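Let's take a walk through this fold together, sheet by sheet, and finish at the ligand. Keep the structure open and turn it as we go.

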Amino acid sequence: MNTSRRQRVCVLGSTGSIGTNTLDVLARHPEQFEVFALSAMSRVDALLAQCLQWQPRFAVMPEAAAARELRRLLAEQGSRTEVLDGAQALSDVAAHPDVDAVMAAIVGAAGLAPCLAAARAGKRLMLANKEAIVVGGALFMQAVEEGGATLLPVDSEHSAIFQCLPEDRTTWAQRIDHIVLTASGGPFRQRDPATLADVTPEQACAHPNWVMGRKISVDSATMMNKALEVIEARWLFNLKPEQIRVLIHPQSIIHSMVVCRDNSVLAQLGTPDMRVPIAYALSFPQRIESGASRLDLLAGRDLSFEEADERRFPGLHLSWQALRAEEGATAVLNAANEEAVAAFLDRQLRFDHIHAVNAGVLASVHPEAGQCDSLDGLLALDARARLAARERIAQLRA
Ligand code: NAD
Ligand code: MG
């Protein structure tokens, strides 16, 4: 990158799957990037090791007890990293005047506030945390616009679409007929749908092509991940719901496609490795080495495509339903799904009941007037939907 000094990067959720992949890419380019801040929810040991390696100015742990423990361990090692606690600290480091780029790799709606803070502060905002844009919607995009931030997708499908489009986004609407988000189909693409009631968290988290955090792994198994991605694409590329289609492509080689007005189809291909979209978000509009292996088209893997089976993946359609419903419906759907997935991982909810919770909460919880115009309003809506979801989960258990 042609800059006079190193770019200072804040990695939110640095101990997770995207967070560690981000640090892997950063480690390949010490002359271009330095780490300004790291954050994690719970794994003190993992964050400690990262802090000792990267010596960031700040480390953030939202919970005070974990932060205290990290502070003690860092002091023992003579580290100069300052440990901050409280959820507000995530927004503070994301919007810090000395930060150039923020990797949003927290999982769930908990990442919305720091994303908004980074957007309003005009940062390069690298978005892995799809739940944040699904909940934030128009408010999120307005913060990006008003803050003059550069929003770059990290989700592989959205990075693929972004890579197929010209830099000048004012031409996008004129070019795009529709987009096709590819989906691997997850671990249950070929399993008899009648047996989905017995799925265990271990089975749901065993993804055929990607190693990811537990929440997104379950979302991939239900295809709620693709549902969230449909909503994410609506905002990132300013599309109508009917301009977004989904196709199962089990090999995860084509990461998504743009179908242009003239029926030219643009696709982005590569081995399934998140370091490619991460590297592109870090270096855009340039390209840097990512560490991913190169795609070998002669390696014998055929590329195949299938329609998503509605019986097996009923959740997928909730995305278009929520996009066509009142503003805020996507935040309700996301909250229900976060609660349902957590209950499933905790063995408190059957796998096939995740959809029952999501569909039920989407139909019964409605935003109040003006609730989507502020972060506080959205968080209140999110809390109300979570409460409704927990009631449904309790009923389904009884
Ligand atoms: P993960 O569970 O591996 O990591 C999540 C990180 O966020 C951890 O560092 C964790 O400590 C932190 N965290 C969790 N809850 C938090 C909270 N309430 N407050 C602050 N920090 C919290 O998850 P992941 O797989 O890395 O996914 C992160 C995000 O990226 C998700 O939104 C996911 O959908 C998205 N994403 C992931 C992948 C992937 O390949 N893993 C691909 C595309 C998109
Ligand atoms: Mg994805």
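Before looking at any sheet, here is the rule for what counts as a pair: two strands pair if DSSP finds at least two bridges between them. With that in hand, bear in mind that this is a predicted model. The mean pLDDT of the chain is 97, with 99% of its residues at 70 or more. For the complex, the predictor reports an ipTM of 0.99 and a pTM of 0.98.

Start with the seven-stranded sheet. It is open, its strands are ordered β4-β3-β2-β1-β5-β6-β7, and the pairing is parallel. At the edges you'll find β4 (82-85) and β7 (150-153), each of which pairs on one side only. If you ignore direction, neighbouring strands here are turned by 25° against each other on average.

Now zoom in on β1. Strand β1 (residues 7-12) pairs with β2 (residues 33-39) in the parallel sense, over five bridges, and you can use Val9 as a landmark, since Val9 stands opposite Val35 in β2. How does the chain get from β1 to β2, and with which hand? It passes through helix α1 (residues 17-27), making a β-α-β crossover that is right-handed. On to the next partner of β1: four bridges join β1 to β5 (residues 101-104), and the two run parallel. Here the landmark is Cys10, which stands opposite Val102 in β5.

Step outwards from β2 and you reach β3 (residues 58-61), joined to β2 by three bridges, again running parallel. Ser39 stands opposite Val60 in β3. A helix packs on this sheet as well: α5 (residues 112-120) touches β1, β5 and β6 (124-127), and its direction makes about 150° with that of β6.

Let's move to the other sheet. This one is also open, but has four strands in the order β9-β8-β10-β11, and its pairing is mixed. Which strands stand at the edges, and why is one side of each without a neighbour? They are β9 (244-248) and β11 (265-269); each has a single partner strand, so one side of each has no neighbour in the sheet. From one strand to the next, the twist averages 20°.

For an antiparallel pair in this sheet, look at β8 (residues 176-183) and β10 (residues 254-260), which are linked by five bridges. His178 is a handy marker there, standing opposite Val259 in β10. Helix α7 (residues 156-164) packs on the sheet, where it touches β8, β10 and β11, and its direction makes about 45° with that of β10. Another helix, α11 (residues 224-236), lies across β8 and β9 and runs at about 155° to β8.

Finally, bring up ligand 1. There are 26 residues around it, and those that come nearest are Gly13, Gly16, Ala110, Met212 and Gly213. Which helices each supply at least two residues of the shell? They are α1 and α6 (130-147). The largest share of the shell, three residues, comes from α1, the helix you already met on the way from β1 to β2. Sorted by class, the shell has 13 nonpolar, 10 polar and three charged residues.

Conventions
Residues numbered from 1 in each chain as written. Chains lettered and ligands numbered in written order. Predicted model: local features only at pLDDT ≥ 70, side-chain atom pairs only at ≥ 80, totals over all residues. Right-handed = clockwise from strand over helix to strand, strands pointing away. Axes fitted to C-alpha atoms, helices over the stretch in contact; angles between N-to-C directions. Contact = placed C-beta atoms within 7 Å. Near = placed C-beta within 6 Å. Nonpolar A, V, L, I, M, F, W, Y, C, P; charged D, E, K, R; others polar. pLDDT = per-residue confidence, 0-100.
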